[in-house]
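Colleague: I am new to reading protein models, and I would like to learn how to go from a picture to careful statements. Could you take me through one, feature by feature?

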Amino acid sequence: MAKKPAKAAPEKRSAVQAQAACACGAVRLEIDVPAVWAWHDHSAESRRAHGCAYATYVGSWKSRFRILQGKAHITRYEDPERKTVRSFCARCGTPLTYERPRSPKIVNIPRGIFRSRTGREPRYHMYLPEQADWTWTGEALAPLKGYPGVMRERPRKKARTLEPPLDELL
Ligand SMILES: [Zn+2]
């Protein structure tokens, strides 16, 4: 009588995953869907780490997060003061993960590197008092005459300086 195949260990993965990848494609990550939560991080620390107005993260349980490919390309930076850990692709510079000591079981992954939905919409805003004053927060935009596809915000204050030479910038 044939032996029954041993029962496989219980599958820990959920039915649906969301995959993320860095700009050069060397590193591929995966989380189980739905993520725990998603949030906008307006802190100065994340602004500098990403080089943009604010970072939007998807938080996942570490137990539901996997590195699929490119582990050798991942570099970690531990902030000795804040005790936060950030990782990025050493080949292309894309931020990959952000870990904070206050939530040790969670890993935060930039929403922008996911190729599909993560099961959570970013509805939370953290560290708003640190928000950069140049962040676009939905002010009215108007098309810039003569430059299709370029929208322009009205100046917030009366400009005392001359406009920059747009022909050289755009
Ligand atoms: Zn890369």
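Modeller: Let us begin with a hairpin: strands S7 and S8 form one, with five residues between them, and Gly93 in the turn has a positive phi of about 85°. Strands, like helices, are DSSP runs numbered from the N terminus (E and at least two residues for a strand, H or I and at least four for a helix). Please keep in mind that this is a predicted model, in which local features need pLDDT of at least 70 and side-chain atom pairs count only at pLDDT 80 or more, while totals for chains, interfaces and linings use all residues. Residues are numbered from 1 along each chain as its sequence is written.

Colleague: How many bridges join S7 to S8, and do the strands run parallel or antiparallel?

Modeller: In general, strands of a sheet pair through backbone hydrogen bonds, either parallel or antiparallel. Two strands count as paired if DSSP finds at least two bridges between them. Here S7 (residues 85-89) and S8 run antiparallel and are joined by four bridges, and in one of the pairings Arg86 has Tyr98 of S8 as its bridge partner.

Colleague: In what order do the strands of the open sheet lie?

Modeller: Three strands form that sheet in the order S1-S2-S5, with antiparallel pairing. Its edge strands are S1 and S5 (65-69), each of which pairs on one side only. Neighbouring strands in this sheet are turned against each other by 25° on average, direction ignored, where axes are lines fitted to C-alpha atoms (for helices over the stretch in contact) and angles run from 0 to 180 degrees between N-to-C directions. Between S1 and S2 there are five bridges in the antiparallel sense, and Gln19 has Glu30 of S2 as its bridge partner.

Colleague: Is Phe88 buried or exposed, and why?

Modeller: A residue is buried if 20 or more other C-beta atoms, placed from the backbone, lie within 10 Å of its own, exposed if 12 or fewer do, and partly exposed in between. Phe88, which is found in strand S7, counts as buried because it has 22 C-beta neighbours inside 10 Å. Strand S8 (residues 95-99) is mostly covered as well, with four of its five residues buried.

Colleague: Which residues have the most contacts inside the largest nonpolar core?

Modeller: In soluble globular proteins, nonpolar side chains tend to be buried together. A nonpolar core is a set of buried Ala, Val, Leu, Ile, Met, Phe, Trp, Tyr and Cys residues joined through C-beta atoms within 7 Å. The largest one here has 19 residues, and Val27, Tyr57, Leu96 and Ile109 have the most contacts inside it. At least two residues of this core come from each of S1 (17-21), S2, S4 (55-61), S7, S8 and S9 (106-110).

Colleague: Where do unusual backbone angles appear, for example at Lys83?

Modeller: Most residues other than glycine have a negative phi, and most peptide bonds are trans. Lys83, although not a glycine, has a positive phi of about 65°, and its place is in the loop between S6 (74-78) and S7. Lys83 counts as exposed because it has 11 C-beta neighbours inside 10 Å. Tyr127 also has a positive phi, near 60°, and lies in the loop between S10 (124-126) and S11 (141-143). The peptide bond from Val33 to Pro34 is cis, with omega near 5°, and Pro34 lies in the loop between S2 (28-32) and S3 (37-41).
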